[in-house]
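Here is a short report on one protein chain and its ligand. Please keep the viewer open while reading.

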Amino acid sequence: MKMFLSDNVSGVHKNVLEELSKVNVEHVNPYSDDMYSKEVKDKFCKLFNKDVDVYFTTTGTSANVIGISGMINSYEGVICSEDTHINVDECGAFEKFLGAKILYFETQDGKFDINKAKRFLEYKGSKHKIQPKAVAFSQPTETGTVYSIEEIKAICDFAHSNDLLVHMDGARISNAIAHLNVSLEDMVTKTGVDVLSFGGTKNGMMMGEAIIILNDEVKKDFLFKMKQAMQLVSKGRFIAAQFRAYLTNNLWVQNAKRANEMALLLYENLLEFDDIRDVSKPDANILFAKIPKAWNDKLIRDYPYYIVNEETNEVRFVTSFDTTENDINDFVSKIGKIIDLNHSFKKNIVYN
Ligand SMILES: Cc1ncc(COP(=O)(O)O)c(C=O)c1O
């Protein structure tokens, strides 16, 4: 079975599995004090063209919450859009572990809106108010859109000129990099991001995310925060091994490119059906469409997807590094059968 529920339904890339076996020899120092972890840190430093600190975690939620813990005190807050993962999809982990406040604003498209964020600046200095200390956004966003370099730079400039730090949730940053065809240095270092959650699990790793710290102040004492937050993994070499394979020969970008291409292929094909409405053109590997409710039973049985809005039957499709052209073709022909149309699969598309 293949699924469009999310990209963490996918398997593990074979290079990552092989690498796990390769490091499964002899004894090495624990807690990321081993040569593989150091090698991965060096690889990241090259990719960001900066001396970054790197800490491994096992989930995207822990990467976000612990990463932000390096930036704020419990009397401080993080400004973000209401759809941001830390606000709506992490079961209050931020609030429980940091005891701080999320200052969110409403948006139409889930993106960070500088004008809306500005209203929280009034809190600064008031002894009765939570003190804004950072801004946070996801790249790509939860709705699958990708911020341009200019948009990120504008957010960082807004933040820094108001004495705020910047956290970027990059659970799917590889998909954004593949879409924009830029380097991590351009997207993250040069724009001025202070802390990044760099995802691996959704794009071919087994389980592993990295907290990348670019800001020297945040680097201080972060090791102790990791340990206290229960994510200083003792057998860290096995997360390092996954990143070792993932960052070799551009695997992380190749995998993301593949997932993005499959999303675009699905998009092009869904456009062919008159009964399917409001198909969103994917920047990365997530797209939305309104499909007839009556189709759900037949389609979800073979290719599970997520229903975002029960009323309009707006659904979300997420493609993965291991989604194939055959999967898309098969799914599209299933739609064709439902409406009794001999639908021909459209595959000669130009990928971005
Ligand atoms: C944008 C974003 N950030 C963070 C996460 C959290 O990842 P995890 O489920 O591993 O905690 C997800 C997972 O779906 C996500 O989509």
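Which helix gives the most to the shell around the ligand? Helix 3, spanning residues 60-69, does, with three residues. Note that this is a predicted model.

**Ligand shell**

The residues around the ligand are Thr-59, Gly-60, Thr-61, Asn-64, His-85, Ser-138, Glu-142, Asp-169, Ala-171 and Thr-201. Sorted by class, the shell has seven polar residues, two charged and one nonpolar.

**Overall fold**

The protein chain holds 15 helices and 10 strands. Its radius of gyration is 21 Å. A compact globule of 352 residues would have a value near 20 Å, so the chain agrees with that expectation. Along the principal axes, the C-alpha atoms fill a box of roughly 65 × 55 × 30 Å. Of the 352 residues, 47% count as buried. Take the contacts between residues at least 6 apart in sequence: 75% of them join residues at least 24 apart.

**A three-stranded sheet**

Strands 8, 10 and 9 form an open sheet, in the order 8-10-9, with antiparallel pairing. Strand 8 (286-290) and strand 9 (306-309) are the edges. Each has a single partner strand, so one side of each lacks a neighbour in the sheet. From one strand to the next, the twist averages 35 degrees.

Strand 8 and strand 10 (residues 314-318) run antiparallel and are joined by five bridges. Within this pair, Ala-289 stands opposite Val-315 of strand 10. Helix 13 (residues 251-270) lies across strand 8 and strand 10. Its angle to strand 8 is about 15 degrees.

**Backbone details**

Two residues other than glycine have positive phi values, as tabulated here.

| Residue | Phi | Loop between | Other C-beta atoms within 10 Å |
|---|---|---|---|
| Asp-278 | about 50 degrees | helix 13 and strand 8 | 10 atoms |
| Asn-313 | near 55 degrees | strand 9 and strand 10 | 17 atoms |

Are these two residues buried or exposed? Asp-278 is exposed, because its count of 10 falls within the limit of 12 or fewer. Asn-313 is partly exposed, because its count of 17 lies between that limit and the 20 or more needed for buried.

Where is the cis peptide bond that joins Gln-139 to a proline? The bond joins Gln-139 and Pro-140, with omega about -5 degrees. Pro-140 lies in the loop between strand 4 (131-138) and helix 7 (149-161). Ser-138 and Glu-142 are among the residues surrounding the ligand.

Note on methods. Residues are numbered from 1 along each chain as its sequence is written. This is a predicted model: local features need pLDDT of at least 70, side-chain atom pairs count only at pLDDT 80 or more; totals for chains, interfaces and linings use all residues. Two strands pair if DSSP finds at least two bridges between them. Helices (H or I, at least four residues) and strands (E, at least two) are DSSP runs, numbered from the N terminus. Axes are lines fitted to C-alpha atoms, for helices over the stretch in contact, and angles run from 0 to 180 degrees between N-to-C directions. Two residues are in contact if their C-beta atoms, placed from the backbone, lie within 7 Å. A residue is near a molecule or strand if its C-beta atom, placed from the backbone, lies within 6 Å of it. Ala, Val, Leu, Ile, Met, Phe, Trp, Tyr, Cys and Pro count as nonpolar, Asp, Glu, Lys and Arg as charged, and the others, Gly among them, as polar. The radius of gyration is taken over C-alpha atoms; the globule rule is 2.2 Å times the number of residues to the power 0.38.
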